[in-house]
Amino acid sequence: MPAEAKVPSSTARPAAQPATPPLTERQEARRRRILHASAQLAGRGGFDAVQMREVAESSQVALGTLYRYFPSKVHLLVATMQDQLEHLHRTLRKKPPAGETAAERVAETLMRAFRALQREPHLADAMVRALTFADRSVSPEVDQVSRQTTAIILDAMGLEDPTPEQLAAVRVIEHTWHSALITWLSGRASIAQVRIDIETVCRLIDLTDPAGRA
């Protein structure tokens, strides 16, 4: 399958805070427990079911410790979405999309993501609501979600060094995917309608392919 795509740093906004040191093994394990508890609670009852005190109890950490990792429920759920996307990316590496063209592979990839979210509608709704509510203070976490989504799409395209036009197409695809997810969760679009939207926007990939215009 294609090598892991290198997402250009220019696609990310400047960090508002200095980079934090990497987590220790124990801290990372604690963070994993917190994210697992968040996903479990959201999966059972959606956005409102994720209460910080319950997350702390479920992950066996002190409430103050939880807030040091995630200052708010929105921070936590956006980080949960990034974690879910990482899991999807690992799955896609093991079983990459089989389409003949880049557009077909990206459309297949995003529809696989939709089907995964369809199996966990409460979790999907909680994560998307958190993204919608996110303000400037959540920018680092939102940027991580965007970078992860971009990496997934570029991997499906088989690109390591995309052109500016190709990156612009990827951004439009991401926006459409997010919008389609919102309309599906609100009951205003069926999965069939989502598929049509995704396949349509993925045609931008062919239009921005330098080889195709040569």
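**Exercise 1.** At what angle do helix α4 and helix α7 pack, and how far apart are their axes?

*Solution.* The model used here is a predicted one, and two packed helices are described by the angle between their axes and the distance between the axes. Begin by finding the two elements, helix α4 at residues 73–94 and helix α7 at residues 139–157, which pack at an angle of about 15° with their axes 9 Å apart. Next, compare this angle with the cut-off: angles under 35 degrees count as roughly parallel, and therefore α4 is roughly parallel to α7. Then add the handedness, since α4 passes α7 in a left-handed crossing. Finally, look at the side of each helix that takes part: residues of α4 including Val78, Met81, Leu85 and Leu92 meet residues of α7, among them Val142, Val145, Ala151 and Ile152. Sorted by class, the residues of this contact of α4 with α7 are nine nonpolar, six polar and four charged.

**Exercise 2.** Describe how helix α1 packs against helix α2, and name the residues that meet.

*Solution.* Helix α1 covers residues 25–45 and helix α2 covers residues 52–59, and the two pack at an angle of about 125° with their axes 8 Å apart. That angle makes α1 oblique to α2, and the crossing of the pair is right-handed. In the contact itself, Arg33, Ile34, Ala37 and Leu41 from α1 meet Glu54, Val55, Ser58 and Ser59 from α2. Dividing these residues by class gives four nonpolar, two polar and two charged.

**Exercise 3.** Which residues of α1 meet α6, and how do the two helices cross?

*Solution.* Take the geometry to start with: the axes of α1 and helix α6, residues 121–133, come within 6 Å and cross at roughly 110°. Angles of 65 to 115 degrees count as roughly perpendicular, so α1 is roughly perpendicular to α6, and their crossing is right-handed. Turning to the residues, Ala39, Ala42, Gly43, Arg44 and Gly45 in α1 meet His122, Leu123 and Ala126 in α6. The contact of α1 with α6 has four nonpolar, three polar and one charged residues.

**Exercise 4.** How many aromatic pairs are counted, and what arrangement do Phe114 and Trp177 have?

*Solution.* The count comes to three aromatic pairs. In one of them, Phe114 and Trp177 lie 6.0 Å centre to centre with 70° between the planes, which is an edge-to-face arrangement. Phe114 belongs to helix α5 (residues 102–119) and Trp177 to helix α8 (residues 164–185), so the pair ties together parts that are 63 residues apart in sequence.

**Exercise 5.** Which residues does UniProt list as "DNA-binding region", and what is the helix content of that span?

*Solution.* The UniProt record, an unreviewed entry, lists residues 51–70 under that name. In the model, residues 51–70 are 75% helix and 0% strand, and the end C-alpha atoms of the span lie 12 Å apart.

Notes
Residues are numbered from 1 along each chain as its sequence is written. This is a predicted model: local features need pLDDT of at least 70, side-chain atom pairs count only at pLDDT 80 or more; totals for chains, interfaces and linings use all residues. Side-chain values use heavy atoms; hydrogens and water are left out. Axes are lines fitted to C-alpha atoms, for helices over the stretch in contact, and angles run from 0 to 180 degrees between N-to-C directions. Helices (H or I, at least four residues) and strands (E, at least two) are DSSP runs, numbered from the N terminus. Angles under 35 degrees count as roughly parallel, over 145 as roughly antiparallel, 65 to 115 as roughly perpendicular and the rest as oblique. A crossing is left-handed if the near helix is turned anticlockwise from the far one by less than a right angle, and right-handed if clockwise. Contact means heavy atoms within 4.5 Å. Ala, Val, Leu, Ile, Met, Phe, Trp, Tyr, Cys and Pro count as nonpolar, Asp, Glu, Lys and Arg as charged, and the others, Gly among them, as polar. UniProt positions are given in the numbering used here, feature names are shortened, and annotations may be inferred rather than shown by experiment. Rings of Phe, Tyr and Trp (its six-membered ring) pair if their centres lie within 6.5 Å; planes under 30 degrees apart count as stacked, over 60 as edge-to-face and the rest as tilted.
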